[in-house]
Amino acid sequence: MNTFLRIFNMQQNLKIELLGKLVTEKNISSQISLRNKSHIYETISNEETILNLKVEEGWEIDRTYSKTIKIKKKKPLDQFFEDRVWTLFAKFGFTILNKDRFFNLPYDKTNDSLTQQIDVFAKDKETIILVECRTAIQNKRGDFKKELEATSGKIQGLINSVRSLFPDEKLKFKYILATHNFSINENDIARLENINGIHFDESNIEYYYELISQLGNAAKYQLLGSLFYGQDIPELENKVPAVRGEMGGHTYYAFSIEPGKLLKMGYVLHRNKANINMMPTYQRLIKKQRLKEIKTFIDEKKGYFPNSIVISIDTNKKDLQFDRANTQVQSTISDVGILHLPRKYRSAYIIDGQHRLYGYADSIYKDKNTIPVVAFINLDRSEQVRIFMEINENQKAVSKNLRLTLNSDLLWTSTFYTDQQKAMYSRIAITLGEDRKSALFDKISIGEDKKIITSEAIVNALNKTNFFGKVSKNKIEKLGTFFKGNIDDGYNSLSNFLLKSFTYLEENLEDEWSNKESILLINKGVSSIIRVLSDICDHISLNHSIINSDNYFSKTKHFLDAIILFYVNLDDEIKEDLRKTYGQGGDLKYWRTLQKFIRDTYDEFKPIGLDEYLQKEKREFNEEAFKIIREIEQFLNKDFEKKLESKFGTQWFSKGIPLPIQKKSTELALEKNYRKEDGENDSSPWDCLHLIDYREIARKNWPDLFEKEYTLPPEKKISGGSEAKTKWFEKLNTLRNKNFHSYSVVKDEIEYLRELKSFLIK
């Protein structure tokens, strides 16, 4: 056998071997069932020795039979994630996938023993997807330089191998790096682009699972539109009768089209972590129930929607052709003809009418009905958002978080500085919440995602800083810490500074970041951190010449250490006080508390307004508290004497008061009278009681004299008798003994005193 024939036979054998490691459409559903399971299973004999070994390896019993035992073990994270990605592409309708985790493709035509293991291989009639999966137990920063550089040298060989497996098909290729709990840096993104690759994290995976559940078969076009943006859709009939006109300075086309065609071209983006870099991201989340209602309306009730779906066609003159008809109406500026729509993925953004369109996705009328469409051409993203907002202004309310998020798209290119400021702060909130490198990743509500911290809180905090400076509509009144006139430079500097600062806090406050009851990871906590970071930058600016955000951060760490110390040593009383003080006053108190702690640690830190705030806070409730306590003491003195005298008569002091208190107050009266100045009245033992003494007097005479009128309403049914029901005297005494020159009465305390006075003094 000559050399050529031997090589040919080896290639054929390899081809047969590789094809044997793939599963086709008829076997995919059973594979989905296995891969959807969270556990792996084995059947073993019911011998005790074998079972014990398996239990030591982490297996557990699932079912017991007469001669065998079915055991299970939770899938390792890497296998679970690979199975989830594999199942996603199976649900998308890819008809050929790898059979198991041991699918290896050769990448060197001269040596077929050099292979690359492929975690997920997915193929349909037009597409090949190669997926590499990487997982981490906890969120971490990824570095895939070595892997991607190695893949760069193999990718063409891998593509050639696939083409040799399917030589008669014209296939598009895409390489995906799928990660779980990994961020990916800009250099790795560039390396992916160089090999025609893309990054998916778990947010993308879950996003597409949700789309499948919502859109059914149409969801695949969303995926393909993302992967192959701008590439042709084979066999799409793209000609429609249309009217061309002008509106608002824009050319538009009005036409009717079958929903099935527009579904292939169309694309919907709502603000979500899965599409951070895809714009415009202004759509509301597609609601599955709404789609069901529309499908029922169309299929069962023969319903229809006369109002137009509004789209923006992203195209060039070559791909969009309008053949003007021979017959026209001379009295109008509009004209009629045949419009050639672009035969491309993701070429039609659905500005408005997403539910109406996607309600047709599984309808029997998808290719039988037509829907009216108004199509603008090449609208920039800010104009698309404007149209969306104007259409929906008087319809279902756009949520405040979504509206704030829209500002990053809508106002970024504005010529007005006030608009640029809004855009920057909205984009900072998005970055802090969606950048996997951020310590606040997945903790901020972006668009319609609901998280523990709102975008509004972030934007409001930034508005109270000096980061952007002071601007009016057409003028920069004062340059900011990070804004020197260019919004892009300002955003890059400020986001870099905030990302590093919060990362530093996270690394040194792990308990706060892992605690569901964290006092830091709440709206006013994060807001106060942002505001105090601005205060720190202002302080640094007074003493140093700063040129970039890295310089600021290096000098800020000195003060961040004080913040870290504050949270480490935070006692429960202050924690609850900060948590339960609400509204603007609560935000102010939290921010000023951080300022005060930093100043107590570093004398040179003197933020504007702190001293005035502290003085005002002291005075706000202290005078009222002192007055109330004095009124209560005077009331107790008179009321106790009256009650004791009513029972014991003239012997009320000796009979009604515990002996230790009699002795102590008598000694104190003698001492006061000895030291009194001429003309002063003598003090009696009754005048020398301490506030806490009234508790013991009440307990001694509790059932018949004091229980009825001195038991607080919420405590009438508690057990423990006078011991429990007079505890409030201790709290009152604690407040009485505070040094009001150094102690600030808080809101809860003054409210307690007010309620107590109202109860006692009728």
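Colleague: In helix 24, which residues are buried?

Modeller: I661, Q662, S665 and A669 are the buried ones in helix 24. Keep in mind that this is a predicted model.

Colleague: How should I read that spacing, and why do they line one face of the helix?

Modeller: General idea: an α-helix makes a turn every 3.6 residues, so positions three or four apart point the same way. Here, looking down the axis of helix 24, the buried residues fall within an arc of 100°, so they line one face of the helix.

Colleague: And what does the face turned away from the buried side carry?

Modeller: That face of helix 24 carries the exposed residues L659, P660, E667, L670, Y674 and R675. The cover over the buried residues of helix 24 includes helix 23 (652-656) and helix 25 (693-700).

Colleague: What span does helix 24 reach, first C-alpha to last?

Modeller: Helix 24 runs over residues 659-675, which is 17 residues, and reaches 25 Å, close to the 24 Å expected at 1.5 Å a residue.

Colleague: Let's move to the sheet. What is the strand order in the open sheet of 6 strands?

Modeller: The order is 1-5-8-9-10-11, with mixed pairing. Strand 1 (22-23) and strand 11 (197-201) stand at the edges with a single partner strand each, so one side of each has no neighbour in the sheet.

Colleague: Mixed pairing, okay. Which way do strand 5 and strand 8 run, parallel or antiparallel?

Modeller: Antiparallel: 2 bridges join strand 5 (residues 96-98) to strand 8 (residues 120-123). For a landmark, look at L97, which stands opposite A122 in strand 8. Strand 8 and strand 9 also run antiparallel, with 4 bridges between them, and F121 stands opposite L130 in strand 9.

Colleague: How many residues does the hairpin from strand 8 to strand 9 go through?

Modeller: The hairpin goes through 3 residues. Then the pairing switches: strand 9 and strand 10 run parallel, joined by 11 bridges. One pair to click on is K140 with its bridge partner F182 in strand 10.

Colleague: What kind of unit do strand 9, helix 5 and strand 10 make?

Modeller: Together they make a right-handed β-α-β unit. Helix 5 covers residues 145-165 and includes S152. S152 is partly exposed, with a relative accessible area of 42%. Its C-alpha is 10.0 Å from that of G197, although the two are 45 residues apart along the chain.

Colleague: Which other helices should I look at around this sheet?

Modeller: Try helix 6 (residues 186-194), which lies across strand 10 (172-183) and strand 11 and runs at about 130° to strand 11. Helix 8 (residues 219-227) packs on the sheet too, touching strand 9 (127-141), strand 10 and strand 11, with its direction making about 130° with that of strand 11.

Colleague: Now backbone angles. What phi does N181 have?

Modeller: General idea: most residues other than glycine have a negative phi. N181 has a positive phi of about 65°, and it is not a glycine. N181 is in strand 10, and at 14% relative accessibility N181 counts as buried.

Colleague: And where is R346 found?

Modeller: R346 is in the loop between strand 17 (335-340) and strand 18 (348-352). R346 has a positive phi of about 55°, again without being a glycine.

Colleague: Does R346 count as buried or exposed?

Modeller: Buried, since the relative accessibility of R346 is 10% and the cut-off for buried is under 20%.

Conventions
Residues numbered from 1 in each chain as written. Predicted model: local features only at pLDDT ≥ 70, side-chain atom pairs only at ≥ 80, totals over all residues. Heavy atoms only, no water. Expected span 1.5 Å × (residues − 1). Buried < 20%, exposed > 50% of the residue type's maximum accessible area, 1.4 Å probe, protein only. Arc of directions from axis to C-beta. Contact = heavy atoms within 4.5 Å. Pairing = 2+ DSSP bridges. Axes fitted to C-alpha atoms, helices over the stretch in contact; angles between N-to-C directions. Right-handed = clockwise from strand over helix to strand, strands pointing away.
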